[in-house]
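Visitor: I should like to learn how to read the features of a protein model. May we go through one together, a feature at a time?

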Amino acid sequence: MFAALGAHPWAYPMLEVVHLLGVGLLFGNLTLLELRVFGLGKALPIEPLAKLSLGVVATGFLMAAASGLLMFGTQAGELLANRVFTAKMVLIMLAGCNAGWFHARRSLQRQDGMARVLMLLSTVLWLLVLTCGRWIGYV
């Protein structure tokens, strides 16, 4: 199945489109919420914004993960040997741990210095994930 998927003239490129759309939804909405935690848009209530934003972030992540797994299946051996791909997966895991820590400590309600540090770390981690994603094909 994966060989046929990788060889199909439009299936793999469409997976890339879904992957990029998912990444855009994830990163764009996460950035919006991060800006609010940093104090921009204080007129917007944080709870409704977070509920909307995080729902779209989750949808984007699921789109990116599902399409990414399908793309991975078409060239698993090559990707597993690629250090940049490995770094990308580790960064995604770290971003997930950071998000878990952020929500476990109820940072949205606190909006304190640690919340801002965790948000900044989130931004850096996701930018590194994006960078690794682009570099995979060149390493």
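**Reading a helical model**

Guide: Let us begin with a pair of helices: H2 and H7 cross in a left-handed manner. Please keep in mind that this is a predicted model.

Visitor: At what angle do the axes of H2 and H7 cross?

Guide: The angle is roughly 155 degrees, and the two axes come within 10 Å. An angle over 145 degrees counts as roughly antiparallel. H2 and H7 are therefore roughly antiparallel to each other.

Visitor: Before we continue, how many helices and strands does the protein chain have?

Guide: The chain has 7 helices and 0 strands. Written in order along the sequence, its pattern is α-α-α-α-α-α-α. The C-alpha trace spans about 50 × 25 × 20 Å along its principal axes. The chain has 139 residues, of which 32% are buried.

Visitor: How do H2 and H3 pack, and how far apart are their axes?

Guide: The axes of H2 and H3 are 7 Å apart, and the angle between them is about 155 degrees. H2 and H3 are therefore roughly antiparallel. Their crossing is left-handed. One may then examine the kinds of residue in the contact: between H2 and H3 there are 22 nonpolar, 8 polar and 2 charged residues.

Visitor: What angle and what distance between axes describe the packing of H5 and H7?

Guide: For H5 and H7 the angle is about 160 degrees, with the axes 9 Å apart. This makes H5 roughly antiparallel to H7. H5 passes H7 in a left-handed crossing. The contact of H5 with H7 contains 19 nonpolar, 3 polar and 1 charged residues.

Visitor: I should now like to turn to pockets. What is the volume of the largest pocket?

Guide: A pocket is described by its volume, by the residues that line it and by the elements that supply them. The largest pocket has a volume of about 930 Å³. It is lined by 31 residues, and those closest to its centre are His19, Met71, Lys88, Gly133 and Ile136. Two or more lining residues come from each of helix H2 (11–37), helix H3 (46–74), helix H4 (76–80), helix H5 (83–104) and helix H7 (113–135).

Visitor: Which helix gives the largest share of the lining of the largest pocket?

Guide: H3 gives the largest share, with 7 residues. By class, the lining of the largest pocket comprises 21 nonpolar, 6 polar and 4 charged residues.

Visitor: How may the second largest pocket be described in terms of its volume?

Guide: The second largest pocket has a volume of about 330 Å³. Its lining consists of 17 residues, and the closest to its centre are Leu30, Val57, Ala95, Ala99 and Trp126. H2, H3, H5 and H7 each contribute at least two residues to this lining. The largest share, 7 residues, belongs to H5. The lining of the second largest pocket has 13 nonpolar and 4 polar residues, but no charged residues.

Visitor: Let us consider the backbone as well. What sign of phi do most residues other than glycine have?

Guide: Most residues other than glycine have a negative phi. Arginine 106 has a positive phi of about 60 degrees, although it is not a glycine. Arginine 106 is located in the loop between H5 and helix H6 (107–110). Glutamine 111 is not a glycine either, and its phi is positive, at about 45 degrees.

Visitor: Where does glutamine 111 lie?

Guide: Glutamine 111 lies in the loop between H6 and H7. Residues under 20% relative accessible area count as buried, and those over 50% as exposed. Glutamine 111, with a relative accessible area of 21%, is therefore partly exposed.

Visitor: Is glycine 137 buried or exposed?

Guide: Glycine 137 has a relative accessibility of 68%, so it counts as exposed. Glycine 137 is found in the segment after H7.

Visitor: What distance separates the C-alpha atoms of glycine 137 and glycine 68?

Guide: Position along the chain and position in space should be read separately. Glycine 137 and glycine 68 are 69 residues apart along the chain, and their C-alpha atoms are separated by 14 Å.

Terms used. Residues numbered from 1 in each chain as written. Predicted model: local features only at pLDDT ≥ 70, side-chain atom pairs only at ≥ 80, totals over all residues. Heavy atoms only, no water. 1 Å grid on protein atoms, 1.4 Å probe; cavity = no way out; pocket = protein on both sides within 12 Å on 5 of 7 lines; lining within 4 Å. Helix = DSSP H or I, 4+ residues; strand = E, 2+ residues; numbered from the N terminus. Nonpolar A, V, L, I, M, F, W, Y, C, P; charged D, E, K, R; others polar. Buried < 20%, exposed > 50% of the residue type's maximum accessible area, 1.4 Å probe, protein only. Axes fitted to C-alpha atoms, helices over the stretch in contact; angles between N-to-C directions. Parallel < 35°, antiparallel > 145°, perpendicular 65-115°, else oblique. Left-handed = near helix turned anticlockwise from the far one by under 90°.
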